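Here are some notes for a colleague who is opening this entry for the first time. They begin with a single residue and widen from there.

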Amino acid sequence: MAVITCIEDLRILAQRRVPRMFYDYADSGSWTESTYRANNTDFAAIKFRQRVAVNMENRTLATTMVGQPTALPVALAPTGLTGMQHADGEILAAKAAEKFGVPFTLSTMSICSIEDVAANTNTPFWFQVYFLKDREFMGKLIQRAKAARCSALVLTLDLQILGQRHKDMKNGLSAPPKLTVPNMLNMATKPAWCLGMLQTRRRGFGNIVGHANEVSDMSSLSSWTAEQFDPALSWDHIKWVRDRWDGKLILKGIMDVEDARMAAQCGADALIVSNHGGRQLDGAESSIAALPGIVEAVGDQIEVHMDGGIRSGQDVIKAVALGARGVYIGRAFLYGLGAMGEAGVAKCLEIIRRELDVTMALCGLTDIKKVDKSILLPGTYPRPLSQR
């Protein structure tokens, strides 16, 4: 096996090993994918100030996210269909995160259920929900998250209407996935993936099938899913969730200063600056470009996190320098999972930790909690709209 030195190496390996329809599901954006690309390229424009003759001993990357200790300012993002990148994917990713000391966030649209992940881990994980029309089912989901000792609830706000993702349409990616002839022929070229899926019983949407009304099997899932995302979602609905969840509440999908102010006023503990990985509104600005304005507006009122485009430890420290308490990695850990299972997720986290540690030291700092925009070269990083 080739030596793996960066996240891109894991991506290439995952592309070889994961069936095209599932690889493309993870590694794509909506419409022209301009926002998906901007999430990555806007990080590259930000430059560091290199410092020398500074004592670099006793470095620490430890911090907290919503009051919970984490080995570095990174959490695993909620990603749908994770168990289709690798058999039992959510369980394997959660175990890798637990061993590494960072939060894992389970998606409602996961293959392994809340109970599956809880039974295979010891550390409380986070759970992500959408605001659904079926309030009874949503209430039960929240209760199941409580029963599983989930320590934070992540409410996704930017999926009331699904963005058009051309690769998914061409591949027949739906719920459940369509086993077309091209898809089956492609799967036949991925024998290790097929063997893994044959050896697991977890191939459906474990949080939904058998739990939602009228969804007793995968064949009835598609029509249910199509009807559930609630376009009537408003800020008034956040209270409905808050009343049923007394733990940490994180709001995901904030890209506008006005929305950030609303988030800060509704009783949430943190918000995530996120454009859904470029999978919703194509043409929106990148998450890292939106971050400084939101930090300026509400950073003293609510904890600010971000996701979108994180592919290295250098991306992590740039986001922290611009005010993020922590970041979420989605595609980066999925590449590792698809490439090498649990070991691949661990490898992804190791790569990011090493890059973050070395970069922080060469910028003249030894404590991640002291990182701010002073490590960045002026004129190379995005500024709030008020300063443009």
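1. The model is predicted. Thr 35 is a suitable starting place: its relative accessible area is 0%, and because buried means under 20%, Thr 35 counts as buried. The residue belongs to helix 3, which covers residues 34-44.

2. What does Thr 35 touch, leaving aside residues up to four places away in sequence? Its contacts are Asn 275, Gly 278, Leu 281, Asp 282, Gly 283, Ala 284 and Glu 285.

3. Helix 3 also appears in the surroundings of helix 14, since the buried residues of helix 14 pack against it. Helix 14 runs over residues 313-321, and 8 of its 9 residues are buried, so the rest of the structure largely encloses it. The buried ones are Gly 313, Asp 315, Val 316, Ile 317, Lys 318, Ala 319, Val 320 and Ala 321. The list includes Asp 315 and Lys 318, and a reader may wish to look at both in the view.

4. Besides helix 3, the buried residues of helix 14 pack against two other helices, helix 13 (287-298) and helix 16 (342-362). They also pack against strand 3 (74-76), strand 9 (303-307) and strand 10 (326-329).

5. Which residues have the most contacts inside the largest nonpolar core? They are Leu 76, Leu 271, Met 306 and Ile 329, in a core of 117 residues. Leu 76 touches Ala 93, Ala 97, Val 102, Pro 103, Phe 104, Thr 105, Tyr 328, Ile 329, Phe 333, Val 345 and Leu 349, with residues up to four places away in sequence not counted. Apart from the largest core lies another, of 11 residues, among them Val 66, Trp 126, Ala 152 and Tyr 328.

6. For the protein as a whole, there are 16 helices and 10 strands. Buried residues make up 59% of the 388 residues. Of the contacts between residues at least 6 apart in sequence, 74% join residues at least 24 apart.

7. On overall dimensions, a compact globule of 388 residues would have a radius of gyration near 21 Å, and the 20 Å of this protein agrees with that. Along the principal axes, the C-alpha atoms fill a box of roughly 60 × 55 × 40 Å.

8. Two remarks concern surface and charge. The accessible surface comes to about 16200 Å², and carbon and sulfur atoms account for 53% of it. The protein has 44 positive and 40 negative charges, and their mean positions are 4 Å apart.

Definitions and conventions: Residues are numbered from 1 along each chain as its sequence is written. This is a predicted model: local features need pLDDT of at least 70, side-chain atom pairs count only at pLDDT 80 or more; totals for chains, interfaces and linings use all residues. Side-chain values use heavy atoms; hydrogens and water are left out. Helices (H or I, at least four residues) and strands (E, at least two) are DSSP runs, numbered from the N terminus. The radius of gyration is taken over C-alpha atoms; the globule rule is 2.2 Å times the number of residues to the power 0.38. Buried means under 20% relative accessible area, exposed over 50%, partly exposed in between (1.4 Å probe, protein chains only). Contact means heavy atoms within 4.5 Å. Accessible areas come from the Shrake-Rupley method with a 1.4 Å probe; for residues, only the protein chains shown count as cover. Lys and Arg count as positive and Asp and Glu as negative; His and the chain ends are not counted. The place of a charge is taken as NZ of Lys, CZ of Arg, CG of Asp or CD of Glu. A nonpolar core is a set of buried Ala, Val, Leu, Ile, Met, Phe, Trp, Tyr and Cys residues joined through side-chain atoms within 4.5 Å.
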